[in-house]
Amino acid sequence: MKVVKIFIYPVKSTHRIRVAEAAVNPWGLQHDRRWMVVDDAAGFLTQREEPRLAQVQADITSEGLVLTAPGMAALAVAFPEGAEEDVTIWKDSVRSVAADELSGTWFTRYLGRPCRLVYMRDPYARPADATFARPGSVVSFADGYPLLMTSEASLADLNRRMSEAVPMTRFRPNVVIDGRTAFEEDTWKRIRIGQMAFDVVKPCTRCVITTIDQESGHPVGREPLRTLNAFRKYGGNVYFGENLVPVNTGTIRVGDEVELLERRAAAMPSG
């Protein structure tokens, strides 16, 4: 098995950047989800509430970001240097720094609601979900764990069950592997990618974002959730992909071999 694609998302819930390699830090891939859009109550915003975030491109520069989106002038945003404040992501209160006022105005105009852009200055500030991650694990502004891995073999199986195929981009992974057998990753506990080891901590719960076209920013029906609900539902949720926690730090690359190091005692039930 091999890595076939690597993606990062500099601003949470915005458009992807495909890269040939990425440094792996304890909290995730370099530059991945260190920025986030929050509302006027300092609560995080994603495509769940604002599908048009899918069309925001955040390109990395040495000074910060350059933001572009349909109908908007490009905006350079510098790494902020102000005082830290608390923002909320799910049930977590996380320290962050507000970006400049122009970036807030930019997102407010684009989304049509008051909002701001914030930056996670200290990537060790937020613990990963301790339900499954090792004590001391940390995460950026990703939902719960540092990386998400998906398999082309599993996507092919899912697409065979639907009348119209969906692309892998709907699942917003960091690492895509080719895979040998559909959903074999359900049985993995630890893997090696190149020289990097990862704990495979839990299957990824899927939400309405998978029904949003990542190019247009428009919801496009009930798939793939409807089909996943028919054969990938467990405990009230549906699953696709696996959450990873790095064991060490280093670099992963497209073309790296993926090696299974340890299996789980029991796989997630599926049909």
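Reader: At the start of helix 2, which backbone nitrogen does a side-chain oxygen of Ser151 reach?

Author: That of Ala153: the Ser151 oxygen comes to within 3.2 Å of it. Keep in mind that this is a predicted model.

Reader: And which residues of helix 2 are buried?

Author: Helix 2 covers residues 152-160, and its buried residues are Ala153, Ser154, Leu155, Asp157, Leu158 and Asn159. So Ala153 turns up twice, as a buried residue and as the owner of the backbone nitrogen that Ser151 reaches.

Reader: What covers those buried residues of helix 2?

Author: The cover includes strand 12 (147-151), helix 3 (225-231) and strand 17 (237-246).

Reader: Let's move to sheets. How do strands of a sheet pair?

Author: They pair through backbone hydrogen bonds, either parallel or antiparallel. Here, take the open sheet of 4 strands with the order 5-11-10-9, where the pairing is antiparallel. Strand 5 (35-39) and strand 9 (84-89) are the edge strands, each pairing on one side only. On average, neighbouring strands in this sheet are turned by 55 degrees against each other, ignoring direction.

Reader: How many bridges join strand 5 and strand 11?

Author: There are 5 bridges, in the antiparallel sense, with strand 11 spanning residues 115-119. One pair to look up is Asp39 and its bridge partner in strand 11, Cys115.

Reader: Which helix lies across strand 5 and strand 11?

Author: Helix 1, residues 101-111; its direction is at about 135 degrees to strand 11.

Reader: Where can I see a hairpin?

Author: Look at strand 3 and strand 4, which form one with 2 residues between them. They pair in the antiparallel sense over 2 bridges, and Asn25 has Gly28 of strand 4 as its bridge partner. Strand 3 (residues 21-25) also pairs with strand 18 (residues 250-253), antiparallel again, over 4 bridges. In that pairing, Val24 stands opposite Gly250.

Reader: Zooming out, how many helices and strands are in the chain?

Author: The chain has 3 helices and 19 strands. Contacts between residues 24 or more positions apart make up 69% of those with a separation of 6 or more.

Reader: How does the radius of gyration of the chain fit a compact globule?

Author: It agrees: a compact globule of 271 residues would have a value near 18 Å, and the chain has 18 Å. Its C-alpha trace spans about 50 × 40 × 35 Å along the principal axes, and 54% of the residues count as buried. The accessible surface comes to about 11,800 Å², with 50% of that belonging to carbon and sulfur atoms.

Methods: Residues are numbered from 1 along each chain as its sequence is written. This is a predicted model: local features need pLDDT of at least 70, side-chain atom pairs count only at pLDDT 80 or more; totals for chains, interfaces and linings use all residues. Side-chain values use heavy atoms; hydrogens and water are left out. Two strands pair if DSSP finds at least two bridges between them. Axes are lines fitted to C-alpha atoms, for helices over the stretch in contact, and angles run from 0 to 180 degrees between N-to-C directions. Contact means heavy atoms within 4.5 Å. Buried means under 20% relative accessible area, exposed over 50%, partly exposed in between (1.4 Å probe, protein chains only). A polar contact is a pair of N or O atoms within 3.5 Å; within protein, one must be able to donate a hydrogen and the other to accept it, and residues adjacent in sequence count only if both atoms are side-chain atoms. The radius of gyration is taken over C-alpha atoms; the globule rule is 2.2 Å times the number of residues to the power 0.38. Accessible areas come from the Shrake-Rupley method with a 1.4 Å probe; for residues, only the protein chains shown count as cover.
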